[in-house]
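Trainee: Could you take one part of this model and look at it closely, and then tell me how the rest of the chain is arranged around that kind of detail? I would like one connected account rather than a list.

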Amino acid sequence: MSYSQLLEIANTYGSPTYVYDAALIEKQYQRLTSAFQSVKSLKINYAVKALSNVSILKLMKSFGAGLDTVSIQEVQLGLHAGFKAQEIIFTPNGVSLHEIETAAQLGVQINIDNLSILEQFGTKHPNTPVCIRINPHVMAGGNTNISVGHIDSKFGISIHQIPHILRIIENTKMTINGIHMHTGSDILDIDVFLYASEILFNTALHFKNLEFIDFGSGFKVPYHKNDIETDIEELGEKLSLRFNEFCKNYGKELTLAFEPGKFLVSEAGCFLAKVNAVKQTTSTVFAQVDSGFNHLIRPMLYGSSHDIVNISNPNGRERFYSVVGYICETDTFANNRRINEINEDDILCFKNAGAYCYSMASNYNSRYRPAEVLIYEGQAHLIRERERFEDLIKHQVEVDFGTIKPLETVNVL
Ligand SMILES: *Cc1c(COP(=O)(O)O)cnc(C)c1O
């Protein structure tokens, strides 16, 4: 994605606009599969919630990926994109038994993370094999909101509850065909990941009919030059070795599964916004863009720090700016950043905007959600139109107050 191509896209499709580079997504997919090439059966299930545009899902399908879904609507999007039900795993948390049954009816692999639901599901559908989400109670991940494996977490069934799981299996005669963990996002320490994997291997020995072990995701991607990231190659080398040993022990070749979101799409995306105004105050210079946390909420929600490049003036003198949005509430993208001199109407490019950006966008302040563009084989393709006024009122039911009759006066006694 060259700056000139990005400027051309902003010219053609307007701003703000999300842009994704298919070649970079493919590169990450290949990186992950080649790190685990010594594992005979590897399955990458893309975590739909990171970026759920149907064209992105189709792209993942073209690589041979499956899907990891967390809602019945994501399952439906996956089926719409052409995935077979068997290529989709459903890993919800806190949804109704009915939603899980609906997904099972569609033929999707079910992943259950609650003993009560496991017992109810197993009693009603003993012939549907299910995967179990284990909580290994390993503290991994960056922000507390994205670290989900710890003891207070709402996710997974505790490893201390394995005797209870086994009792449910015995009582219901249900089949467990997979076990799963997902300890959170932004894992830095491979040893922590490997430690959690050992817990998962030990757990796996309790289940005789496994077909796969799913190690979840949570790989940390770099946000800046020289930023730390999960060493996928080292993880691949070490975990593949242990996995292959485990399969020998277990007496069966199992599938090793991952479900990355951020790793596949974060760096492949960028967000283009136009500078509406440059505002000098007593303490700082604000660059105010035609967007806000309605379109990119991560800096305000998680404190994530996205690199910002002024692609209209990439060689200009560097100055300090606070980049903010137009939402009537504090919405700061960056504080006191060194950026090439900004003029009004310049296009700023926010990096690492592929994952959890568009998918978390809203209409707050009654703004339209942005357009999305995919660069595929060098060509830009519009994959979602910018919203229009019709979209804002589409589902509203308007009351015509002129025709409402006044309530009749009721005489009580
Ligand atoms: C969100 C999520 C993922 C993806 O996590 P990333 O950090 O984006 O790779 C994978 N599995 C489950 C169950 C999730 O909820």
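**Helix H7 and its setting**

Mentor: On the side of H7 that faces away from its buried residues, the exposed positions are Pro-163, Glu-170 and Asn-171. Please keep in mind throughout that this is a predicted model. The helix itself runs over residues 162-172, and Ile-165, Ile-168 and Ile-169 are buried within it. When one looks down the axis of H7, these buried residues fall within an arc of 100°, and therefore they line one face of the helix. The spacing follows a familiar pattern, because an α-helix has 3.6 residues a turn and residues three or four places apart point the same way. As for what lies against that face, the buried residues of H7 pack against helix H6 (115-124) and against three strands, namely E6 (130-135), E7 (157-158) and E8 (176-180).

The end of the helix deserves a look of its own. Lys-173 comes just after H7 and takes a positive phi of about 65°, a sign of phi that is found here in a residue other than glycine. Lys-173 belongs to the loop between H7 and E8, and E8 is also one of the strands against which the buried face of the helix packs. Lys-173 counts as exposed because 10 C-beta neighbours lie inside 10 Å, the limit for that class being 12 or fewer.

A second backbone feature of this kind appears further along the chain, at Glu-377, where phi is near 50° and the residue is again something other than glycine. Glu-377 is placed in the loop between E17 and strand E18 (379-384), and with 7 C-beta neighbours inside 10 Å this residue, too, counts as exposed. Towards the start of the chain there is a backbone detail of another kind: the peptide bond that joins Ser-15 and Pro-16 is cis, with omega at about -5°. Pro-16 sits in the loop between helix H1 (3-13) and strand E1 (17-21).

To set the helix in its wider frame, the protein chain contains twelve helices and 18 strands, and it is divided into domain 1, covering 22-265, and domain 2, covering 269-387. The contact between them draws 16 residues from domain 1 and 17 residues from domain 2. On the domain 1 side that touches domain 2, the residues divide into seven nonpolar, seven polar and two charged. Taken over C-alpha atoms, the centres of the two domains are separated by 32 Å.

For the chain as a whole, the radius of gyration is 24 Å, which agrees with the value near 22 Å that a compact globule of 413 residues would have. Along the principal axes, the C-alpha atoms fill a box of roughly 80 × 65 × 40 Å. Of the 413 residues, 40% count as buried, and among contacts with a separation of 6 or more, 68% are made by residues 24 or more positions apart.

The annotated positions can be read against this frame. The unreviewed UniProt entry carries the annotation "modified residue: N6-(pyridoxal phosphate)lysine" at Lys-49, a residue placed in the loop between strand E2 (42-47) and helix H3 (54-63). Lys-49 is partly exposed, because 16 other C-beta atoms lie within 10 Å. Leaving aside neighbours within four places in sequence, Lys-49 is in contact with Val-70, Glu-74, Gly-261 and Ser-359.

The unreviewed entry also gives the annotation "binding site", which covers Arg-298, Tyr-302, Glu-329 and Tyr-356. Two of these positions can be described in more detail. Glu-329 is found in the loop between strand E14 (318-324) and strand E15 (332-340), and with 11 other C-beta atoms within 10 Å it is exposed. Tyr-356, by contrast, is buried, since 25 other C-beta atoms lie within 10 Å, although Tyr-356 too is placed in a loop, the one between strand E16 (347-350) and strand E17 (371-376). Not counting residues up to four places away in sequence, Tyr-356 touches Ala-50 and Arg-298, and Arg-298 is itself covered by the "binding site" annotation in the unreviewed UniProt entry.

Terms used
Residues numbered from 1 in each chain as written. Predicted model: local features only at pLDDT ≥ 70, side-chain atom pairs only at ≥ 80, totals over all residues. Domains from an automatic or database assignment. Contact = placed C-beta atoms within 7 Å. Nonpolar A, V, L, I, M, F, W, Y, C, P; charged D, E, K, R; others polar. UniProt positions renumbered as here; feature names shortened; annotations may be inferred. Helix = DSSP H or I, 4+ residues; strand = E, 2+ residues; numbered from the N terminus. Buried ≥ 20, exposed ≤ 12 C-beta atoms within 10 Å, placed from the backbone. Rg over C-alpha atoms; globule rule 2.2 N^0.38 Å. Arc of directions from axis to C-beta.
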